[in-house]
Amino acid sequence: MKNYICELCGYIYEPSKGDPDNGVAPGTSFNDLPETWVCPVCGADQSQFEEEN
């Protein structure tokens, strides 16, 4: 699973870690995130994320 980076603030979503503070279990791929999930740092929606190279 690939990491995704927020283009607005630089936060990196790592599927191996998930986002437990916001109800996303480790092992959750970016494509499987709930539609309501937003960047935990700046609040950007998922459209602001790009696949990390």
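# Questions and answers on a predicted model

In this predicted model, Cys6 has a relative accessibility of 2% and counts as buried.

User: How many disulfides does the structure hold?
Analyst: A disulfide needs two cysteine sulfur atoms within 2.5 Å. The sulfur of Cys6 has its closest cysteine sulfur in Cys42, at 3.7 Å, which is too far for a bond, and Cys42 itself counts as partly exposed at 37% relative accessibility. The number of disulfides in the structure is therefore, under the 2.5 Å cut-off, zero.

User: In which order do the three strands of the open sheet stand?
Analyst: The pairing within this sheet is antiparallel, and β1 and β2 are joined in that sense over two bridges. Because β2 and β3 each have a single partner strand, they stand at the edges, and one side of each is left without a neighbour in the sheet. Read across the open sheet, the order is β2-β1-β3.

User: Which residue in β2 is the bridge partner of Tyr4?
Analyst: Strands β1 and β2 run antiparallel to one another where they pair, and the partner of Tyr4 is found in β2. Tyr4 also belongs to an aromatic cluster that includes Tyr11 and Trp37. Its bridge partner in β2 is Tyr13.

User: How many residues in all make up the largest nonpolar core?
Analyst: This core takes in aromatic residues, among them Tyr4, Tyr11, Trp37 and Phe49, together with others including Val24, Leu33 and Ala44. Cys6 and Cys39 are members as well, and Tyr11 touches both of these cysteines, not counting residues up to four places away in sequence. The largest nonpolar core has a membership of eleven residues.

User: What is the angle between the planes of Phe30 and Phe49?
Analyst: There are seven aromatic pairs in the model, and one of them joins Phe30 and Phe49 at 5.4 Å centre to centre. Phe30 lies in the loop between β2 and β3 and Phe49 in strand β3, so the pair ties together parts that are 19 residues apart in sequence. Both residues are buried. Planes under 30 degrees apart would count as stacked and those over 60 as edge-to-face, while this pair is tilted, with an angle of 40°.

User: Does Ser29 count as buried or exposed?
Analyst: Ser29 has its place in the loop between β2 and β3, where, leaving aside neighbours within four places in sequence, Ser29 is in contact with Met1, Tyr13 and Pro15. The cut-off for this class is a relative accessible area under 20%. At 16% relative accessibility, Ser29 therefore counts as buried.

User: Which residue forms a salt bridge with Glu51?
Analyst: The closest N and O atoms of this pair are 3.4 Å apart. The two partners come from distant parts of the chain, 49 residues apart, with Glu51 in strand β3 and the other residue in the segment before β1. Glu51 counts as partly exposed at 38% relative accessibility, and the partner is also partly exposed, at 49%. The residue that forms this salt bridge with Glu51 is Lys2.

User: How far apart are the closest N and O atoms in the salt bridge that Glu14 forms with Lys17?
Analyst: The model has two salt bridges, and one of them joins Glu14 to Lys17. Glu14 counts as partly exposed, at 25% relative accessibility. Between Glu14 and Lys17, the distance separating the closest N and O atoms is 3.5 Å.

Technical notes
Residues numbered from 1 in each chain as written. Predicted model: local features only at pLDDT ≥ 70, side-chain atom pairs only at ≥ 80, totals over all residues. Heavy atoms only, no water. Phe/Tyr/Trp six-rings, centres within 6.5 Å; stacked < 30°, edge-to-face > 60°. Helix = DSSP H or I, 4+ residues; strand = E, 2+ residues; numbered from the N terminus. Buried < 20%, exposed > 50% of the residue type's maximum accessible area, 1.4 Å probe, protein only. Core = buried A, V, L, I, M, F, W, Y, C linked by side-chain atoms within 4.5 Å. Contact = heavy atoms within 4.5 Å. Salt bridge = Lys/Arg side-chain N within 4 Å of Asp/Glu carboxyl O. Pairing = 2+ DSSP bridges.
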